[in-house]
Amino acid sequence: MQDEKTVNREAWKVNYVTLLEEVKDFAGEEPWYVAAFANISALLYEELPDLNWAGFYIVRGEELILGPFQGKTACIRIAKGKGVCGTAWEQERIQRVPDVHLFPGHIACDSASNSEIVLPVRQDGQVVAVLDIDSPVFDRFSAEDERGLAAIADALSDLCTGF
Ligand code: SME
């Protein structure tokens with residue numbers, strides 16, 4: 001018999017092969033990061049079930065500044081090393097957080113968020129942005145989601161311009 005978590009995981013299955021192709025199409029059509037990130041935020045928000053926020057923060061000096069996103073209004077500036085986003089930037093590593101309330105320094109833009117994944121976007125070896133995705137469901141993001149989204153973040157690194 002399946003428990004509720006198993007059932008949800010099945011319902012959350014995303015075809016990341018198709019999604020990656022769609023992302024590449026958007027970025028290929030218009031590589032300027034603002035346009036590409038705007039459509040890719042909309043795509044991810046629509047295609048991944050049970051999200052409450054999907055979007056980007058852009059590196060500007062020692063801060064991240066809010067970029068294109070879907071969801072509720074969010075904090076505009078995040079210092080390096082602060083919150084999940086600033087930590088992903090500082091450590092240059094994906095942060096997959098099953099319970100944001102247990103993450104020291106988590107920045108709660110939307111009180112509905114319970115889990116989060118943040119992926120660095122690099123150009124010439126430097127982090128230029130982060131992709132931030134939030135869910136009201138605890139432990140929403142699986143290792144499979146991480147792999148699929150990491151491939152998307154890597155594709156953006158190659159395709160997007162104008163940071
Ligand atoms: N929770 C993030 C802040 C950004 S919002 O989730 C959109 C963090 O802790 O960095």
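Before anything else, one convention: helices and strands here are DSSP runs, numbered from the N terminus. With that in place, α4 is followed directly by Glu 92, whose phi is positive, about 55°. Keep in mind that this is a predicted model.

I'll stay with Glu 92 for a moment. The residue is not a glycine, yet phi is positive. Glu 92 belongs to the loop that runs between α4 and β4. Is Glu 92 buried or exposed? Neither label applies, because its relative accessible area is 39%, and that makes it partly exposed.

There is another residue of this kind to mention. Asp 124, also not a glycine, has a positive phi near 50°. Asp 124 sits in the loop between β5 and β6. With a relative accessible area of 78%, Asp 124 counts as exposed.

Back to the helix before Glu 92. Helix α4 covers residues 83–91, and seven of its nine residues are buried. Which ones are buried? They are Gly 83, Val 84, Cys 85, Gly 86, Thr 87, Ala 88 and Trp 89. What do the buried residues of α4 pack against? The list is made of strands: β1, β2 at 63–71, β3 at 77–79, β4 at 95–97, and then β5 and β6.

Two of those helix residues, Val 84 and Cys 85, come up again at the ligand, so let me go there next.

The ligand has 13 residues around it, and those that come nearest are Val 84, Cys 85, Ile 107, Glu 116 and Asp 134. Now the polar distances. A polar backbone atom of Cys 85 is 2.8 Å from an oxygen atom of the ligand. For Asp 134 the partner is in the side chain: an N or O atom there is 2.8 Å from a ligand oxygen. His 106 has a polar side-chain atom 3.4 Å from a nitrogen atom of the ligand. As for coverage, the ligand on its own has 300 Å² of accessible area, and the protein covers 99% of that.

Next, the nonpolar packing. In soluble globular proteins, nonpolar side chains tend to be buried together. How many residues does the largest nonpolar core have in this model? The count is 32, and the residues with the most contacts inside this core are Leu 44, Leu 48, Ile 133, Leu 149, Ile 152 and Leu 156. At least two core residues come from each of these elements: α2 (16–29), α3 (33–47), β1 (53–60), β5 (115–123), β6 (126–135) and α5 (143–159). Another core, of 16 residues, lies apart from this one, and Tyr 57, Cys 85, Val 100 and Val 127 are among its members.

Two residues of the largest core are worth a closer look. Setting aside residues up to four places away in sequence, Ile 152 touches Tyr 16, Leu 19, Leu 20, Val 23 and Leu 44. Leu 156 is in helix α5. Its relative accessible area is 0%, so Leu 156 is buried. Beyond its neighbours within four places in sequence, Leu 156 contacts Val 23, Phe 37, Ile 40, Phe 56 and Val 121. For the last of these, the C-alpha atoms of Leu 156 and Val 121 are 6.8 Å apart, with their positions 35 residues apart along the chain.

Last topic, the aromatic rings. A pair of aromatic rings is described by the distance of the centres and the angle of the planes. The structure has six aromatic pairs. In one of them, Tyr 33 and Phe 37 have ring centres 5.7 Å apart and planes at 75°, so this pair is edge-to-face. Why are Tyr 33 and Phe 37 about one helical turn apart? Because they are four residues apart in helix α3. Both residues are buried.

Tyr 33 also pairs with Phe 163. Here the centres are 4.7 Å apart and the planes are at 20°, so the pair is stacked. Since Tyr 33 is in helix α3 and Phe 163 is in the segment after α5, the pair ties together parts 130 residues apart in sequence. Tyr 33 has a relative accessible area of 9%, which makes it buried. Phe 163 has 24%; the cut-off for buried is under 20%, so Phe 163 is partly exposed. Ring pairs join Tyr 33, Phe 37, Phe 56 and Phe 163 into a cluster.

Definitions and conventions:
Residues are numbered from 1 along each chain as its sequence is written. This is a predicted model: local features need pLDDT of at least 70, side-chain atom pairs count only at pLDDT 80 or more; totals for chains, interfaces and linings use all residues. Side-chain values use heavy atoms; hydrogens and water are left out. A nonpolar core is a set of buried Ala, Val, Leu, Ile, Met, Phe, Trp, Tyr and Cys residues joined through side-chain atoms within 4.5 Å. Buried means under 20% relative accessible area, exposed over 50%, partly exposed in between (1.4 Å probe, protein chains only). Contact means heavy atoms within 4.5 Å. Rings of Phe, Tyr and Trp (its six-membered ring) pair if their centres lie within 6.5 Å; planes under 30 degrees apart count as stacked, over 60 as edge-to-face and the rest as tilted. A residue is near a molecule or strand if one of its heavy atoms lies within 4 Å of it. A polar contact is a pair of N or O atoms within 3.5 Å; within protein, one must be able to donate a hydrogen and the other to accept it, and residues adjacent in sequence count only if both atoms are side-chain atoms. Accessible areas come from the Shrake-Rupley method with a 1.4 Å probe; for residues, only the protein chains shown count as cover.
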